[in-house]
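Dear colleague,

Please find below the structure that I am handing over to you, together with its sequence. My findings follow directly after it.

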Amino acid sequence: MNISLSTLKENPIKYFELAKTTDVVVTRRGKRLGRIISEEKATMSEKQRAIEALIGSVAFPAEYNDPVYDPDYEILREAAYRDRGLL
């Protein structure tokens with residue numbers, strides 16, 4: 001939902017309540033200024049950013065970039081070979 005800044009100033013409580021169910025985009029002279037979102041969505045976004053930052057900071061071995069390599073499959077295959085006495 002888009003509303004003008006002047007409309008928001010007239011009745012801010014109404015639009016903060018509305019933001020609990022839908023995003024409210026605030027505009028001035030037809031240009032977007034910002035967005036009002038619920039606290040739950042804001043918290044989720046913060047968690048997502050934290051998780052993405054954490055995942056982005058992990059250095060994976062080069063073999064993980066190989067689409068054919070599956071570490072779980074390799075572990076299971078090795079265990080199966082050991083069970084058969086092949087390793």
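I begin with leucine 86, which has a relative accessible area of 54% and is therefore exposed, as the cut-off for that class is over 50%. Please note that this is a predicted model. Leucine 86 lies in the segment that follows α4 (71-84). Together with Tyr81 and Leu87, Leu86 makes a nonpolar patch on the surface, with an area of about 320 Å².

The second finding concerns the sheet. It is open and consists of 3 strands in the order β1-β2-β3, with mixed pairing. Because β1 (2-4) and β3 (31-36) are the edge strands and each has a single partner strand, one side of each has no neighbour in the sheet. From one strand to the next, the twist averages 35 degrees. In general, the strands of a sheet pair through backbone hydrogen bonds, in either a parallel or an antiparallel manner. Here, β1 and strand β2 (residues 24-28) run parallel and are joined by 3 bridges. As regards individual residues, asparagine 2 has valine 25 in β2 as its bridge partner.

The third finding is a backbone feature at arginine 29, a residue of the loop between β2 and β3. The phi angle of arginine 29 is near 55 degrees, which is a positive value in a residue other than glycine. Is arginine 29 buried or exposed? Arginine 29 has a relative accessible area of 81%, so this residue is exposed.

With kind regards

Definitions and conventions. Residues are numbered from 1 along each chain as its sequence is written. This is a predicted model: local features need pLDDT of at least 70, side-chain atom pairs count only at pLDDT 80 or more; totals for chains, interfaces and linings use all residues. Side-chain values use heavy atoms; hydrogens and water are left out. Patches are made of residues with over 30% relative accessible area and no salt bridge: like charges are joined within 9 Å, nonpolar side chains (Val, Leu, Ile, Met, Phe, Trp, Tyr) within 5 Å. Accessible areas come from the Shrake-Rupley method with a 1.4 Å probe; for residues, only the protein chains shown count as cover. A salt bridge is a side-chain nitrogen of Lys or Arg within 4 Å of a carboxyl oxygen of Asp or Glu. Helices (H or I, at least four residues) and strands (E, at least two) are DSSP runs, numbered from the N terminus. Buried means under 20% relative accessible area, exposed over 50%, partly exposed in between (1.4 Å probe, protein chains only). Two strands pair if DSSP finds at least two bridges between them. Axes are lines fitted to C-alpha atoms, for helices over the stretch in contact, and angles run from 0 to 180 degrees between N-to-C directions.
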